[in-house]
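Trainee: Please take one part of this model and examine it closely. I should like to see how it sits among its surroundings, set out as one continuous account.

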Amino acid sequence: MTSSFLCSSCGKSHEGMPTDYGWKLPDDVWAIPEYERKDKAKFDNDLCQLGNRFFIRCVLKLPFIDQADFYAWGIWVEVSEPDFYRYVELYDQDGSTEPQIPGIIANAMLGYSTTLGIPVLVQYQASTSRPSVTVSVNDHPLSVEQSHGIDSHRYHEILVATGSLSGL
């Protein structure tokens, strides 16, 4: 029996199990009532500005221990204004040789006690990929999972926490 799931981003059915979950906006922007959001923040699928705060959408990968590939969290990271505009400048170019930049996670990630405000390092990628994220706090469970990987039990816990199993 083959598993499939309905993708919340594209609305299509995909074979296999979900291997990613993402947020449409940083939590502070999402919390703004929808009728006010576009007046208070500027955003698209990859960039967001809320007043003098700047966010870029990134990917935080957790490698699987007992299978190939990884689980990807599509998170928003708050960065400094100069780093935000450097990313905009490199958006259609390969930025993978740029130095890593500091940021903080701007989403409360499901299945973790707290992730808002956790320091991370962001690495720009080629123009076809979102920047990657490395957690800077060594003792946080997210950092441990990023360094050592997740097993099938933890993967199942993530699928339950994100509600990804409800469509299977």
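Mentor: The account below begins with helix 4 and then turns to the elements around it.

The model is a predicted one. Helix 4 spans residues 141-148, and its buried residues are L142, S143, E145 and Q146. These four cover an arc of only 165° around the axis, so they lie on the same side of helix 4. On the other side, S147 and H148 are exposed. Just after helix 4 comes G149, which takes a positive phi of about 90°.

Which elements do the buried residues of helix 4 pack against? They pack against strand 6, strand 7, strand 8, strand 10 and helix 5. One of the buried residues, L142, also ranks among those with the most contacts inside the largest nonpolar core, together with I56, L60, L62, Y71, W73 and I75. That core has 40 residues. Two or more residues are given to it by each of strand 5, strand 6, strand 7, helix 3, strand 8, strand 9, strand 10 and helix 5. In soluble globular proteins, nonpolar side chains tend to be buried together. I75 shows what one member of the core touches: beyond four places in sequence, its partners are W23, I56, R57, C58, L60, I105, N107, M109 and V133.

V133 leads on to strand 10, one of the elements packed against by helix 4. Strand 10 runs over residues 132-135, and its side chains alternate. V133 and V135 point to one face and are buried, whereas S132 and T134 point to the other and are not. Strand 10 is joined to strand 9 (residues 119-123) by 4 bridges, and the two run antiparallel. Within this pairing, V120 stands opposite V135.

The loop between strand 9 and strand 10 contributes R130, which forms a salt bridge with D46; the closest N and O atoms are 2.7 Å apart. D46 belongs to the loop between strand 4 and strand 5, so the pair ties together parts that are 84 residues apart in sequence. The two partners do not share one environment: R130 is partly exposed, with a relative accessible area of 31%, while D46 is buried at 12%.

Strand 6 (residues 53-63) is another of the elements packed against by helix 4, and F54 is found in this strand. F54 is buried, with a relative accessible area of 2%. Leaving aside neighbours within four places in sequence, F54 is in contact with C48, Q49, V77, E78, V79, S80, E81, F84 and Y85. F54 and D83 are 29 residues apart in sequence, yet their C-alpha atoms are 8.9 Å apart in space.

Helix 5 (residues 152-162) includes T162, and this helix too is packed against by the buried residues of helix 4. Is T162 buried or exposed? With a relative accessible area of 12%, T162 is buried, because the limit for that class is under 20%. The side chain of T162 reaches the backbone oxygen of L159 at 3.2 Å. A polar contact at 2.7 Å also links the side chain of T162 with that of S164. Beyond four places in sequence, T162 is in contact with Y21, Y71, W73 and L110. Two of these contacts, Y71 and W73, are named above among the residues with the most contacts inside the largest core.

Helix 5 also carries a salt bridge, formed by E157 and R154, whose closest N and O atoms are 3.3 Å apart. Side chains of opposite charge can pair when their charged atoms come close. E157 and R154 are 3 residues apart within the helix, about one turn. An α-helix has 3.6 residues a turn, so residues three or four places apart point the same way. E157 is partly exposed at 34% relative accessibility, whereas R154 is buried at 12%. Elsewhere, salt bridges that share partners join D28, R53 and E78 into one network. The full count comes to 8 salt bridges.

To return to the starting point, helix 4 turns its buried residues towards strand 6, strand 7, strand 8, strand 10 and helix 5, while S147 and H148 are exposed on the other side.

Methods
Residues numbered from 1 in each chain as written. Predicted model: local features only at pLDDT ≥ 70, side-chain atom pairs only at ≥ 80, totals over all residues. Heavy atoms only, no water. Buried < 20%, exposed > 50% of the residue type's maximum accessible area, 1.4 Å probe, protein only. Pairing = 2+ DSSP bridges. Polar contact = N/O pair within 3.5 Å; in protein donor to acceptor, adjacent residues only side chain to side chain. Contact = heavy atoms within 4.5 Å. Salt bridge = Lys/Arg side-chain N within 4 Å of Asp/Glu carboxyl O. Arc of directions from axis to C-beta. Core = buried A, V, L, I, M, F, W, Y, C linked by side-chain atoms within 4.5 Å.
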